[in-house]
Amino acid sequence: MLKALFPGSFDPPSNGHMNIIHRVSSIYDEIDVVVATNPEKHYTFDAAQRLELMRTLCEPYNNVQVHQWDRLIVEFAEKVGARVMIRGVRALSDFEYEFELSMINKGLNPRIETIFMPTDSKYFVLRSSAIKELARLDGDISRMVPELVAERLKNTIKSGRKGR
Ligand code: ADP
């Protein structure tokens, strides 16, 4: 059985992330999406919110499960017996970072392979930070994220403004 991990921050999940999940779910028997939490990073959505959003969005796929993990991703792979880790790449700039990350992970656990999947051209410019910036400025993000995410992002930004 071929099992793959798809780790990421998913802050928030975008159509680009969902496109990768859609494509890999037809190649591998089982996909574990891993919502990562790095204590050094500041997130718009906390880990529980990102987990819940991802679980709802992945419901249509019966071979996709969503987990949360705040330690090394290779440890998660070892724990669940996955040998493949999927990373999406948009441009050359992504590749540089992703390539370095794959070398680090390979050094930590040589049994786990990173597989790069190029983005669909429709999602080439989708970056979570840009989506959040656009949402903050009331820009139209409806083609960039699932409807549920657009709604949640708007509400989070609104309640942040009230709190100021
Ligand atoms: P991380 O903080 O781990 O980079 P992200 O949520 O930003 O988490 O991204 C998770 C994965 O999804 C990464 O491999 C990233 O390159 C990929 N990704 C992000 N946006 C897109 C997109 N529009 N198309 C394809 N892959 C994407």
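User: In this predicted model, how far is the polar side-chain atom of histidine 17 from an oxygen atom of the ligand?

Analyst: Let's start with that pair, keeping in mind that the model is predicted. A polar contact needs N or O atoms within 3.5 Å. The polar side-chain atom of histidine 17 and the ligand oxygen are 3.1 Å apart.

User: And what is the distance from an oxygen atom of the ligand to an N or O atom in the side chain of lysine 41?

Analyst: Arginine 87 also has a polar side-chain atom by a ligand oxygen, at 3.2 Å. For lysine 41, the N or O atom in the side chain and the ligand oxygen are separated by 3.0 Å.

User: How much of the ligand's accessible area does the protein cover?

Analyst: Take the ligand on its own and you get 550 Å² of accessible area. With the protein there, the covered share of that area is 89%.

User: Which elements each supply at least two residues of the shell around the ligand?

Analyst: The ligand has 16 residues around it, and Ser9, Phe10, Gly88, Thr119 and Tyr123 come nearest. Sorted by class, that shell holds six nonpolar, six polar and four charged residues. The elements that each supply at least two of the shell residues are β1 (3–8), α1 (15–25) and β4 (84–89).

User: What space does the ligand take, and what is the volume there?

Analyst: The ligand takes up the space of the largest pocket. Gly8, Ser9, Lys41, Arg87 and Tyr97 lie nearest the centre of that pocket. As for the space in the largest pocket, it's about 1200 Å³.

User: Which element gives the most to the lining of the largest pocket?

Analyst: The lining has 46 residues. Elements giving two or more of them are β1, α1, β4, α4 (92–108), β5 (113–118) and α5 (128–136). With nine residues, the top contributor to the lining is α4.

User: By class, how many residues of each kind are in the lining of the largest pocket?

Analyst: Here's the breakdown for the lining of the largest pocket: 20 nonpolar, 16 polar and 10 charged residues.

User: Which two residues does a cis peptide bond join?

Analyst: Most peptide bonds are trans. Here, one with omega at about 0 degrees is cis. Proline 12, in the loop between β1 and α1, is one partner, and the cis bond joins aspartate 11 and proline 12.

User: What is phi of phenylalanine 10 near?

Analyst: Most residues other than glycine have a negative phi. Phenylalanine 10 is found in the loop between β1 and α1, and it is one of the residues that come nearest the ligand. Its phi is positive, near 50 degrees.

How values were computed
Residues numbered from 1 in each chain as written. Predicted model: local features only at pLDDT ≥ 70, side-chain atom pairs only at ≥ 80, totals over all residues. Heavy atoms only, no water. Near = heavy atom within 4 Å. Polar contact = N/O pair within 3.5 Å; in protein donor to acceptor, adjacent residues only side chain to side chain. Areas by Shrake-Rupley, 256 points an atom, 1.4 Å probe, with all protein chains shown as cover. 1 Å grid on protein atoms, 1.4 Å probe; cavity = no way out; pocket = protein on both sides within 12 Å on 5 of 7 lines; lining within 4 Å. Sits in = over half its atoms within 2 Å of the grid points. Helix = DSSP H or I, 4+ residues; strand = E, 2+ residues; numbered from the N terminus. Nonpolar A, V, L, I, M, F, W, Y, C, P; charged D, E, K, R; others polar. Points joined across faces, edges and corners; volume = space filled by probe spheres on them.
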